[in-house]
Amino acid sequence: MELVKIRRALHQIPEIGFQEIKTQAYLLNIISQFPQQRIELVKWRTGIAVKVRGEDPAKLIGWRTDIDALAINEETGVEFQSQHPGFMHACGHDIHMTIAIGLLHKLIDEPIKNDVVILFQPAEEGPGGALPFREWLKTNKPDFLPDCIYALHIAPELPVGTVGTRPGLLFANTSELFIDLHGKGGHAAFPHLTEDMAIAAASMLMQLQTVVSRNVDPMDSAVLTIGKLSAGTAQNSIAEHARLEGTIRTLTSKSMRQMKLRIEAICHGVEQANNCQVNIDYGSSYLEVNNDERLVKDFFRYANGIEGIHAIESKAAMTGEDFGYFTEQIPGVMFWAGVSSPYGLHHSKLNPDEKVLAVMPEFLYGLFLQL
Ligand SMILES: CC(=O)N[C@@H](CCC[C@H](N)C(=O)O)C(=O)O
């Protein structure tokens, strides 16, 4: 299998959530070239589920890969750079998909005892594909619902060959946050006749940063990041509209509810103080990822016996993952897999080491062999 070639082809066609048209077509084409006798395939929106029949199955093992990209303009300078300006596989889903293809090929070539289902899931970065995919499978293809489920996420800060996970909570609760401010704009020279939404948004941004520092218990943890701020249309016109786009991360759903109450209070205050209308939209939200304790123990027992693999216990992270909707109902494990890149996730220069493609499919095949 020419996995590097596949990864580079996928890297060139990054598409955001539920728009993974070329990605789905590319994956279907690759899968169609594999022997078909042992596999059954279904499509769901822009996703795919492929089941590989085992030799003497006692259970169905699940592997999930995400397939979407981000609205980030690539700056790696690699020769196989994104052909979709403004979009990039900046979270490694091109690597995730290629590992899944490598695993699928190996399972078809050398079947194991158990059945395996590989889920190519859209829209992990948003608005969330895991929950509707899971629900669709339940209704339409219940025999594709695994008894246990696994997934990985690339870790730029770890060397290739290092895997890391932990029992229990691995990733946070998340909620997107979109705030629109509307007021009276006008000529730059007559501010007293307007309500400046750029000023209102700036003040709101600063106040929002007090939610974590002043309202969340310091022994708990939370994040509120505004990743995008926009206001106005011209340099000499006072903005009548501003928008803040961000995300909220907490370790429990209780702190998520508390943070939302504080955000709403701040928005109400800004509305009063600036004589404007503020609308809040929480977009999509993800459950935390909770790893199954027994499966994590088995994972470490297996990983510690594999030459070239260094298994570490990771800390919980404030990243979000809709894989949490799978671990909500199916015992599962998500783990980090090192890809040694000086630039982190969601960075325009993220450049994972492709050596991981030679390591991970084999590692996963061995893991699934002994389950
Ligand atoms: C692994 C990873 O980076 N996941 C994303 C998930 C984002 C969910 C949603 N769009 C949000 O921002 O809340 C992450 O940013 O952690």
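In this predicted model, the ligand lies between domain 1 (3–170 + 288–369) and domain 2 (173–285), because both domains give residues to the shell around it. That shell is made up of Cys91, Glu125, Gly126, His153, Thr174, Glu176, Thr247, Tyr286, Thr319, Gly320, Glu321 and Leu345. Sorted by class, the shell holds three nonpolar, six polar and three charged residues.

The two domains deserve a look in their own right. The protein chain is divided into domain 1, which is assembled from the segments 3–170 and 288–369, and domain 2, which spans 173–285. Their C-alpha centres are 34 Å apart. Where the domains touch, seven residues of domain 1 are in contact with eight residues of domain 2. On the domain 1 side, the touching residues comprise three nonpolar, three polar and one charged.

A good place to continue is the open sheet of eight strands, whose order is β1-β2-β4-β3-β5-β17-β6-β16 and whose pairing is mixed. Strands β1 (39–44) and β16 (310–313) form the edges; each has a single partner strand, so one side of each is left without a neighbour in the sheet. With direction ignored, neighbouring strands of this sheet are turned by 25° against each other on average. Within the sheet, β3 (residues 60–66) and β4 (residues 115–121) provide a parallel pair held over seven bridges, and in this pair Thr65 stands opposite Phe120 of β4. Two helices that pack on the sheet can be described next. Helix α2 (residues 21–32) touches β1, β2 (47–52) and β4, and the direction of α2 makes about 20° with that of β2. Helix α7 (residues 293–303) also packs on the sheet, where its contacts are with β5 (148–155), β6 (162–165), β16 and β17 (332–338). The direction of α7 makes about 40° with that of β17.

Strand pairing can also be followed from β8 (residues 173–182). As a reminder, strands of a sheet pair through backbone hydrogen bonds, in either a parallel or an antiparallel manner. With β12 (residues 241–250), β8 pairs in the antiparallel sense over ten bridges; here the bridge partner of Asn173 is Thr250 in β12. Strand β8 is joined to β13 (residues 277–281) by five bridges, and these two strands run antiparallel. In that pairing Asp180 stands opposite Asn279 of β13. Two bridges link β8 to β14 (residues 285–286), again with the strands running antiparallel, and Ser175 stands opposite Ser285 in β14. Two residues of β8, Thr174 and Glu176, are among those that surround the ligand.

Helix packing is illustrated by α1 (residues 3–11) and α3 (residues 93–109), whose axes come within 9 Å and cross at roughly 140°. The crossing of α1 and α3 is right-handed. From α1, the residues Leu3, Ile6, Arg7, Leu10 and His11 meet Asp94, Ile95, Met97, Thr98, Ile101 and Gly102 of α3. The residues of this contact divide into six nonpolar, three polar and two charged.

Finally, the backbone has two features worth pointing out. Most residues other than glycine have a negative phi, and most peptide bonds are trans. Ala123, although not a glycine, has a positive phi of about 60°, and Ala123 is found in the loop between β4 and α4 (130–140). A cis peptide bond joins Gly126 and Pro127, with omega at about 0°. Pro127 is likewise placed in the loop between β4 and α4. Gly126, one partner in the cis bond, is also one of the residues surrounding the ligand.

Notes
Residues are numbered from 1 along each chain as its sequence is written. This is a predicted model: local features need pLDDT of at least 70, side-chain atom pairs count only at pLDDT 80 or more; totals for chains, interfaces and linings use all residues. Two strands pair if DSSP finds at least two bridges between them. Helices (H or I, at least four residues) and strands (E, at least two) are DSSP runs, numbered from the N terminus. Axes are lines fitted to C-alpha atoms, for helices over the stretch in contact, and angles run from 0 to 180 degrees between N-to-C directions. A crossing is left-handed if the near helix is turned anticlockwise from the far one by less than a right angle, and right-handed if clockwise. Ala, Val, Leu, Ile, Met, Phe, Trp, Tyr, Cys and Pro count as nonpolar, Asp, Glu, Lys and Arg as charged, and the others, Gly among them, as polar. A residue is near a molecule or strand if its C-beta atom, placed from the backbone, lies within 6 Å of it. Domain bounds come from an automatic or database domain assignment.
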